[in-house]
Amino acid sequence: MPQHVQGVIAPGKNEPVRVETIVIPDPGPGEAVVKIQACGVCHTDLHYKQGGINDEFPFLLGHEAAGVVESVGDGVTDVAPGDFVVLNWRAVCGQCRACLRGRPWYCFDTHNAKQKMTLLDGTELSPALGIGAFAEKTLVAAGQCTKVDPEVSPAVAGLLGCGVMAGIGAAINTGEVGRGDSVAVIGCGGVGDAAIAGARLAGAAKIIAVDIDDRKLETAKKMGATHTVNSRSSDPVEAIRALTGGNGADVVIEAVGRPETYKQAFYARDLAGTVVLVGVPTPEMQLELPLLDVFGRGGSLKSSWYGDCLPSRDFPMLIDLHQQGRIDLGAFVTETIALGDIEQAFARMHDGDVLRSVVVF
């Protein structure tokens, strides 16, 4: 029987979010219903609300979540009712050319639940990133559920579903930060701070945090930054070079997603160094660089999708490291809130007052 639960929708472009009754169908083949325990308020949800992703309103927001599997459909074998899971938005297919080459983190045919969740009047909802977890329960593809240790706090575990994993993965997976490397991170929001934490975990010797907000730079130091640069008052390229013997950093991670900051990252890296773009640009943005500089500086220019993560590999590993005290995922949780507080959480996020607000059910 379909279930009625409370969830938060974005009804139209830039309209205030509101709590509505959501109809959750029974899981079909390959699907699962998950009882949500916690869901982070991510900047991507704000993009959905603002119409920056697409115009398929109304959206059921929320995607950075953890909870317990309540029921599964036919053919589901990897998870079962009662499993504690982190939700991911890229259920890999196992059959595409990337998966068959042993690179499932690049899967070209990721999928979500086939059935639609609706409002009481039958209006179909578009779940954010195929998840829609600002709700007491949600319907997802079973492959979007990754089992982790149930002893960890749901508010902490859920953050691996998006921003924290994107940042840590940008450093460890995409940037391949190694022991003794110098790393610069431009943009110290949740994703940038996670990249700093990832660089620290990987053994980077020098981690330079760059932002225009001194509050964010103070937080970056707590996450592992060894040096900070306020790019409002200092040229970040010159500052990074000065801190790296005049050479530039081995790896520069751009966590803003703007042409101006990408150029800073490009020129702040050492010869043959690596630039990682994990900040998400908007469609109208254009980048112009002298092709001779691209050739002459060598190295790698990479984009990082979801931290190039493989949830089945990375989520349990990072939870284990958190429980061992080797990475403090709990430091990303600024506050816990109720379902009705999400509009205010968006405002605090926009003002830079929080790393993550987390809805706890």
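1. Helix α6 makes a good place to begin in this predicted model. The helix spans residues 214-223, and L217, A220 and M223 are buried in it. Looking down the axis of α6, these buried residues fall within an arc of 110°, so they line one face of the helix. On the other side of α6 you will find D214 and K222, which are exposed.

2. What does the buried side of α6 pack against? Its partners are α5 (190-202), β12 (206-211) and β13 (227-230). If you colour those three elements separately in your viewer, L217, A220 and M223 are the buried residues of α6 to look for.

3. Both ends of α6 deserve a glance. At its start, a side-chain oxygen of D213 comes to within 2.8 Å of the backbone nitrogen of R215. After the helix comes G224, and the phi of G224 is positive, near 130°.

4. Helix α5, already met as a packing partner of α6, also pairs with α4. The axes of α4 (residues 163-174) and α5 come within 7 Å and cross at roughly 45°. Angles from 35 to 65 degrees fall outside the parallel and perpendicular classes and count as oblique, and α4 and α5 are therefore oblique to each other. Their crossing is right-handed. On the α4 side the contact is made by G163, V164, A166, G167, I168, A171 and I172. On the α5 side, V191, A194, A195, G198, A199, L201 and A202 take part.

5. S304 links back to the region of α4. Its place is the loop between β16 (300-303) and α10 (311-323). Is S304 buried or exposed? With a relative accessibility of 6%, S304 counts as buried, since the cut-off for that label is under 20%. The side chain of S304 makes a polar contact with the side chain of T174, at 2.7 Å. Setting aside neighbours within four places in sequence, S304 is in contact with A166, G169, A170, T174, V276, L277 and V278. A166 also belongs to the α4 residues that make the contact with α5.

6. Helix α11 (residues 342-350) can be read in the way α6 was. Its buried residues are I342, A345, F346 and M349. Seen down the axis of α11, they fall within an arc of 105°, so they line one face of the helix. The elements covering them include β1 (3-10), α1 (43-49), β17 (335-337) and β18 (357-360). G352 follows α11 and has a positive phi, near 75°.

7. A second serine to check is S126, in strand β8 (residues 126-127). Its relative accessible area is 12%, so S126 is on the buried side of the 20% cut-off. Which residues does S126 contact, leaving aside neighbours within four places in sequence? They are E56, P58, F59 and L60.

8. Next, a loop residue with plenty of exposure. D78 sits in the loop between β5 (64-72) and β6 (84-87). Its relative accessibility is 63%, and D78 therefore counts as exposed. Not counting residues up to four places away in sequence, D78 touches D83 and K147. D78 and C145 are 67 residues apart in sequence, and their C-alpha atoms are 8.7 Å apart in space.

9. I53 is in the loop between α1 and β4 (59-60). At 40% relative accessibility, I53 counts as partly exposed. I53 touches T44, H47 and Y48, again not counting residues up to four places away in sequence. How many residues separate I53 from V256 along the chain? The separation is 203 residues, and the C-alpha atoms of the pair are 17 Å apart.

10. Finally, G102 lies in the loop between α2 (97-100) and β7 (118-119). With a relative accessible area of 45%, G102 is partly exposed. If you would like a C-alpha pair to try in your viewer, take G102 and E288: they are 186 residues apart in sequence and 34 Å apart in space.

Notes
Residues numbered from 1 in each chain as written. Predicted model: local features only at pLDDT ≥ 70, side-chain atom pairs only at ≥ 80, totals over all residues. Heavy atoms only, no water. Buried < 20%, exposed > 50% of the residue type's maximum accessible area, 1.4 Å probe, protein only. Helix = DSSP H or I, 4+ residues; strand = E, 2+ residues; numbered from the N terminus. Arc of directions from axis to C-beta. Contact = heavy atoms within 4.5 Å. Polar contact = N/O pair within 3.5 Å; in protein donor to acceptor, adjacent residues only side chain to side chain. Axes fitted to C-alpha atoms, helices over the stretch in contact; angles between N-to-C directions. Parallel < 35°, antiparallel > 145°, perpendicular 65-115°, else oblique. Left-handed = near helix turned anticlockwise from the far one by under 90°.
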